[in-house]
Amino acid sequence: MRKVVLVGTGAVGTAYAYSLVNQGFVTELVLVDANAEKAEGEAMDLIHGMAFASTNMKVSAGTYDDCKDARIVVITAGANQKPGETRLQLVERNTAIMKSIVQSIKASGFDGIIVVASNPVDVLSYVAWKESGLPASRVIGSGTTLDSARFRVLLGEYLEVDPRNVHALIVGEHGDSELPVFSQASIGAESLENMLARRNNPSDKENLDRVFNEARNAAYEIISRKGVTNFGIGMCLARITKAILDNEYSILPVSCLLNGEYGQEDIYMSVPAIVTRDGIKEVIELKLNEEEQALFAKSADVLRKTRVE
Ligand code: NAD
């Protein structure tokens with residue numbers, strides 16, 4: 001059975017639920033929220049679209065008991081950024097919320113995979129892992145999946161190439177200290193470096209910096225206009241869910257536990273990883289150049305300073 005429980009039916013959670021309903025690869029979706037009426041209302045609204053959905057998926061509002069036989073629990077509960085607020089500023093409020101949610105999930109007898117989106121996502125994924133007692137391979141943060149998707153689209157626009165042919169990642173914190181891995185980027189089968197040399201445009205350096213900054217700052221720009229970001233992250237969470245349920249072995253930049261990779265230990269950070277039905281199968285250690293290594297270490301320092309006991 002492809003059962004998913006969603007905890008948190010706010011802007012992000014409902015965008016994710018709506019993506020699932022439209023994509024039709026889940027058989028059952030249960031919505032849980034501290035505001036039970038909200039979860040009920042959202043379930044009713046989604047169910048009414050079922051006449052037009054591609055599969056007859058069961059959607060309902062429920063409780064933590066529903067986690068017992070779920071394959072995946074996705075957590076999107078907690079406070080979101082207000083205009084001008086950083087993700088890291090949410091840490092105290094959301095650490096307490098994450099701990100109580102994971103305790104309730106655990107009490108149900110849940111034995112699947114937890115996917116965390118609540119911010120600061122790297123710090124909260126670590127909290128969820130510690131609190132859950134699950135192997136780290138089964139607690140995954142959405143991490144820089146969203147940032148990397150934005151980056152690929154913007155790079156594709158700049159280079160005039162389909163973003164699906166742009167293989168480029170943002171790694172580190174999902175937040176202000178994240179970094180682009182230009183040294184390992186490829187466009188189709190060609191390295192980015194080769195493509196740039198071939199095209200020989202003197203303003204590339206400046207433009208690539210602009211592209212990265214636009215990807216990194218996208219959330220601020222969106223929040224200043226519409227108050228939240230939700231559709232992009234909803235689609236990213238659906239992508240991660242599908243990689244797990246379909247046992248895809250897809251490489252996605254997710255937040256996962258580092259055990260010496262990239263010179264870091266006992267910390268959740270976003271790096272490319274192979275995602276399967278068992279969660280993280282392998283953390284991929286890219287060969288970062290010196291500047292990227294230094295930025296990655298700095299990002300790790302920022303995250304370590306943000307932890308709350
Ligand atoms: P929102 O305020 O719209 O929704 C949050 C929901 O969580 C509400 O429905 C609230 O009732 C529920 N909630 C609060 N405490 C709870 C608890 N203890 N148990 C169960 N439910 C609880 O917020 P949002 O815009 O949906 O954002 C949710 C989180 O997702 C925020 O932390 C935000 O920063 C994060 N986010 C992450 C990404 C990403 O890329 N990882 C992107 C966008 C937003």
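A polar contact is a pair of N or O atoms within 3.5 Å; within protein, one must be able to donate a hydrogen and the other to accept it, and residues adjacent in sequence count only if both atoms are side-chain atoms. This is a predicted model, in which local features need pLDDT of at least 70 and side-chain atom pairs count only at pLDDT 80 or more, while totals for chains, interfaces and linings use all residues. Residues are numbered from 1 along each chain as its sequence is written, and side-chain values use heavy atoms, with hydrogens and water left out.

Polar contacts of the ligand include these:

| Ligand atom | Protein partner | Distance |
|---|---|---|
| oxygen | asparagine 80, side-chain N or O | 2.8 Å |
| oxygen | aspartate 33, side-chain N or O | 2.5 Å |
| oxygen | alanine 11, polar backbone atom | 2.9 Å |

The protein buries 83% of the 860 Å² that the ligand exposes when taken alone (Shrake-Rupley method, 1.4 Å probe).

The ligand is surrounded by 25 residues (a heavy atom within 4 Å). Val12, Asp33, Ala79, Asn80 and Ala117 are the closest. Helix α3 (91–107) and helix α1 (11–23) each supply at least two residues of this shell; α3 gives the most, with three. Helices here are DSSP runs (H or I) of at least four residues, numbered from the N terminus.

Helix α5 covers residues 145–159, and its end C-alpha atoms are 21 Å apart, in agreement with the 21 Å expected for 15 residues (1.5 Å times one less than the number of residues). Eleven of these 15 residues are buried (under 20% relative accessible area, 1.4 Å probe, protein chains only), so α5 is largely enclosed by the rest of the structure. Among the buried residues are Arg150, Phe151 and Tyr158. Glutamate 160 follows α5 and has a positive phi, near 60 degrees.

Definitions and conventions. Buried < 20%, exposed > 50% of the residue type's maximum accessible area, 1.4 Å probe, protein only.
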